[in-house]
Amino acid sequence: MSDVKIIYEDEDILVIDKPAGMIVNKADTTKGEFTVQDWLEERWQTGNNQWKAADKESDFYKRAGIVHRIDKETSGILVIAKSAESFTNLQAQFKERRVEKTYVALAHGRVEPGEGNISAPVGRLPWNRKRFGVLAGGREASTGYKVLTVRYRVSEKQKEPMSFLELNPKTGRTHQIRVHLKYINHPIFGDELYAGRKTARDDRKMLQRFFLHAKKISFFHPKTGKRLEFESPLPIELQRVLDSLKV
């Protein structure tokens, strides 16, 4: 899959730039789709002796070293371990919240205040297993945000504000950023699950995905302990949407 860009690689880790539209992990529901895990397994078969020699029942082997996930339509940075030791180390860093992640998103409306934190528990909705929401019995979730710019989608009928946001999830719940922005009534542009059917349909006339990008990640190298930071540029289709909006 030529669309997977390698940002960094050494003997212990691999950092890639995942394209939007590509699922990270294999599952019963992904049959017929080429995933990041498929790409890695093909790559590891020819080059990673540590993966080939690993315990076949280990999470490192079963996930081909993938330490964390991002949604299918989210583009951006993924960190992969090339050994069982690196996998365990990186998983612990995520669990202990030593990994710093930065996303950018375009959200409906003018988000106010311009900087803050969204803290609300996130869980799977009992009545719709594909969706998550803010639930009393959900898991603790916290997302810091900052408005970078406010832009406007101008039509004959209205001038709609859009907030271009930088987001720093302090926890890693499934759909966390998407759910939190919906919770404060500023859903992500193009989000078919959380923005509402009509709104998402209108958005997708401009963009065939939702506007969320994993821009930056910072963590400690599992072997050297050195703090590393990697960044992914905004994909061209997202930049075009931004450029089409009025400042």
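Tutor: Before we begin, a polar contact is a pair of N or O atoms within 3.5 Å, where, inside a protein, one atom must be able to donate a hydrogen and the other to accept it. Please keep in mind that the structure above is a predicted model.

Student: Which residue's side chain is joined to the side chain of His 213 by a polar contact?
Tutor: His 213 is found in strand β10, which covers residues 212-220, and its side chain also reaches the backbone oxygen of Pro 233, at 3.1 Å. The contact you ask about runs from side chain to side chain and has a length of 3.0 Å, and since a polar contact needs two N or O atoms within 3.5 Å, the pair qualifies. The partner of His 213 is Ser 232.

Student: Is His 213 buried or exposed?
Tutor: Leaving aside neighbours within four places in sequence, His 213 is in contact with several residues, including Asp 17, Thr 74, Tyr 103, Val 104 and Leu 238. The relative accessible area of His 213 is 0%, and buried means under 20%. His 213 is therefore buried.

Student: The backbone oxygen of which residue lies 3.3 Å from a polar atom of the side chain of Ser 218?
Tutor: Ser 218 is found in strand β10 as well, and because its relative accessibility is 4%, Ser 218 counts as buried. Not counting residues up to four places away in sequence, Ser 218 touches Arg 98, Val 99, Glu 100, Arg 227, Leu 228 and Glu 229. The backbone oxygen at 3.3 Å belongs to one of these residues, Leu 228.

Student: What is the volume of the largest cavity?
Tutor: A search of the whole structure finds one cavity of 30 Å³ or more. Its lining is made by His 68, Ile 77, Lys 101, Thr 102, Tyr 103, Ala 214, Lys 216 and Ile 217, with β4 and β10 each supplying at least two of the residues. By class, this lining has four nonpolar, two polar and two charged residues. The volume of the largest cavity is about 40 Å³.

Student: Which residues that line the largest pocket are the closest to its centre?
Tutor: The largest pocket has a volume of about 1800 Å³. Of the 46 residues that line it, the closest to its centre are Arg 69, Ile 70, Asp 71, Thr 174 and His 175.

Student: How many charged residues are there in the lining of the largest pocket?
Tutor: The elements that give two or more residues to this lining are α4 (84-95), β4 (100-108), β6 (122-125), β7 (128-134) and α5 (176-183). Sorted by class, the lining has 15 nonpolar and twelve polar residues, while the charged residues number 19.

Student: Which element gives the largest share of the lining of the second largest pocket?
Tutor: The second largest pocket has a volume of about 300 Å³, and its lining has two nonpolar, three polar and six charged residues. Two elements, β8 (142-154) and α6 (197-203), each supply at least two residues of that lining. The largest share, four residues, comes from α6.

Student: How many residues of α5 are buried?
Tutor: The buried residues of this helix are Gln 176, Ile 177, Arg 178, Val 179, His 180 and Leu 181. The helix is thus mostly covered, because of its eight residues the number that count as buried is six.

Student: Is Thr 88 buried or exposed?
Tutor: Thr 88 is found in helix α4, and its C-alpha lies 8.1 Å from that of Phe 60, although the two residues are 28 apart in sequence. The relative accessible area of Thr 88 is 52%, and the cut-off for exposed is over 50%. Thr 88 is therefore exposed.

Student: How many residues does the largest nonpolar core have?
Tutor: The residues with the most contacts inside this core are Leu 40, Leu 106, Phe 211 and Phe 219. Leaving aside neighbours within four places in sequence, Leu 40 is in contact with Leu 14, Ala 64, Ile 66 and Ile 80. Apart from the largest core lies another, of five residues, among them Phe 132, Ala 141, Val 179 and Tyr 194. The number of residues in the largest nonpolar core is 59.

Note on methods. Residues are numbered from 1 along each chain as its sequence is written. This is a predicted model: local features need pLDDT of at least 70, side-chain atom pairs count only at pLDDT 80 or more; totals for chains, interfaces and linings use all residues. Side-chain values use heavy atoms; hydrogens and water are left out. On a 1 Å grid over the protein atoms alone, a cavity is a set of points where a 1.4 Å probe fits but cannot get out, and a pocket is an open set with protein on both sides within 12 Å along at least five of seven lines; lining residues have an atom within 4 Å of a point. Grid points are joined across faces, edges and corners, and a volume is the space filled by probe spheres set on the points. Ala, Val, Leu, Ile, Met, Phe, Trp, Tyr, Cys and Pro count as nonpolar, Asp, Glu, Lys and Arg as charged, and the others, Gly among them, as polar. Buried means under 20% relative accessible area, exposed over 50%, partly exposed in between (1.4 Å probe, protein chains only). Contact means heavy atoms within 4.5 Å. A nonpolar core is a set of buried Ala, Val, Leu, Ile, Met, Phe, Trp, Tyr and Cys residues joined through side-chain atoms within 4.5 Å.
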